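This report goes through selected features of one model, taking strand pairing, charged contacts and surface exposure in turn. Please keep the sequence and the coordinates open while reading.

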Amino acid sequence: MAKRDYYDILGVQRSASEQDLKSAFRKLAKECHPDRNPGDKDAEQRFKDLNEAYEALKDPQKRAAYDKFGHAAFDQGMGRGHGGGFGPDFASSMSDIFDDLFGEFMGGRRGGGGGGGQRGRSSRERGADLRYNMEISLEEAYAGKAAEIRVPTSVACETCDGSGAKAGTKPVQCPTCGGMGKVRASQGFFTIERTCPTCVGRGEVIDDPCPACSGAGRVMRERTLQVNIPAGVEDGTKVRLVGDGEAGLRGGPPGDLYIFLSLKPHSFFQRDGADLFCKVPIAMTTAALGGQIEVPTLDGTASRVKIPEGTESGKQFRLKGKGMPVLRSKVIGDMYIQVDVETPKNLTRRQRELLEEFESESHKGTSPESAGFFARVKDFFEGKGGA
């Protein structure tokens, strides 16, 4: 039976660019990958054909040979007289390219540990990291918080203990690669080592999958987790819970859970790093005569602030050590009280009379800044008139 044209298998024109070939291969390989089509022999064969076609066309030299000679370019024995200029390093680099390509839709990561020819067997697909958004109050950020959260995620299947195999059975060595996770193919003067298409680099296959998880080794559950929020966290702080992310595929290591914190707006305080700022309105008489005010603090107590006579609007008073704790240190910020002098409203007749009486005496230096300003204004206009 004649072999199908490689370009037809990938569904591209002969003039297709390298990027077109790569995109077509990724799209089709995802659709017919064995993990997405368990037990489908047609899909498995299509997947093998796609691998063969892409391996032949993604390399410019091999593609040129195919365009000129067709499938005959890769018949066994062709080109042996050239001395076999492609050694183990070339095969290894081709394998890395293939692994990088498949990493994008086969879990995104290759597991750590091991190297060389054992990478497939030692690599278990790590579970995905998860994100959880949590909103807390400024008081909770000040004191810290122990919280309980519920997270829907995949966990290891209890029926098969995460192996993916039916109870009483276990995964067996892949017959295609002999448990290595890679296969070698000789195509003319090329020897290519690539990820095994049967086990996708795992080195083992499941003949009898677990009915509870369909062979994935994990199932969806809602987990209840305890979270300790340390004192001093800021808006946007991330708290990492190692191993509380998504369970790995077929016994792979779990991912991590990242909790992203955001702070609710506070009715009194604005925060700037470790310092707190609070605007406090005070009566005009308090500003003029002096006095004391009480302000709240985040530790639940009240602090007294002495207002000296003649205090102007916008004046700040510092309360040392009444700010926010700095995360993972013993440093504590300060609190700054900014007074806003309030103008009297809804005056009674008597209050108005008193203020008018005060106004009549104001030329005696009670408002030096305003008097000085308007004196300069007068000089300015007189200078303009005389110019």
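## A bridge in the sheet

In strand β11, L276 is the bridge partner of R271. Strands β10 and β11, the latter covering residues 275-283, pair in the antiparallel sense over 4 bridges; two strands are taken to pair if DSSP finds at least two bridges between them. Helices (H or I, at least four residues) and strands (E, at least two) are DSSP runs, numbered from the N terminus.

## Basis of the values

This is a predicted model, in which local features need pLDDT of at least 70 and side-chain atom pairs count only at pLDDT 80 or more, while totals for chains, interfaces and linings use all residues. Residues are numbered from 1 along each chain as its sequence is written, and side-chain values use heavy atoms, with hydrogens and water left out.

## The four-stranded sheet

The pairing of β10 with β11 belongs to an open sheet of 4 strands in the order β10-β11-β15-β14, with mixed pairing. Its edge strands, each pairing on one side only, are β10 (269-272) and β14 (316-319). From one strand to the next the twist averages 30°, where axes are lines fitted to C-alpha atoms, for helices over the stretch in contact, and angles run from 0 to 180 degrees between N-to-C directions.

At the β14 edge, 4 bridges join this strand to β15 (residues 335-342), and the two run antiparallel; R318 has Y336 in β15 as its bridge partner. In a regular strand the side chains alternate between the two faces of the sheet. Along β14, F317 and L319 point to one face and are buried, whereas Q316 and R318 point to the other and are not. Buried here means under 20% relative accessible area, exposed means over 50%, and partly exposed lies in between (1.4 Å probe, protein chains only).

## Salt bridges

Side chains of opposite charge can pair when their charged atoms come close. The structure holds 16 salt bridges, each defined as a side-chain nitrogen of Lys or Arg within 4 Å of a carboxyl oxygen of Asp or Glu. R14 takes part in a salt bridge with D5 at 2.8 Å, N to O, and in another with D67 at 3.4 Å, N to O. The pair of D67 and R14 links distant parts of the chain, 53 residues apart, with D67 in helix α4 (residues 60-69) and R14 in the loop between α1 (6-10) and α2 (18-32). R14 counts as partly exposed because its relative accessibility is 47%, and D67 is likewise partly exposed, at 40%.

E193 and R184 also form a salt bridge, at 3.5 Å, N to O; E193 counts as buried, with 16% relative accessibility, whereas R184 is exposed at 59%. Salt bridges that share partners join R126, D129, R240 and D256 into one network.

## Helix α4 and a nonpolar patch

In α4, K62, R63, A65 and Y66 are buried. These residues lie on the same side of α4 because they cover an arc of only 160° around the axis, the arc being that of the directions from the helix axis to the C-beta atoms. On the other side of α4, P60, Q61 and K68 are exposed.

Elsewhere, M284, L347 and L355 form a nonpolar patch on the surface, with about 200 Å² of accessible area together. Patches are made of residues with over 30% relative accessible area and no salt bridge, like charges being joined within 9 Å and nonpolar side chains (Val, Leu, Ile, Met, Phe, Trp, Tyr) within 5 Å; accessible areas come from the Shrake-Rupley method with a 1.4 Å probe, and for residues only the protein chains shown count as cover. L355 is placed in helix α9 (residues 349-360) and, at 31% relative accessibility, counts as partly exposed.
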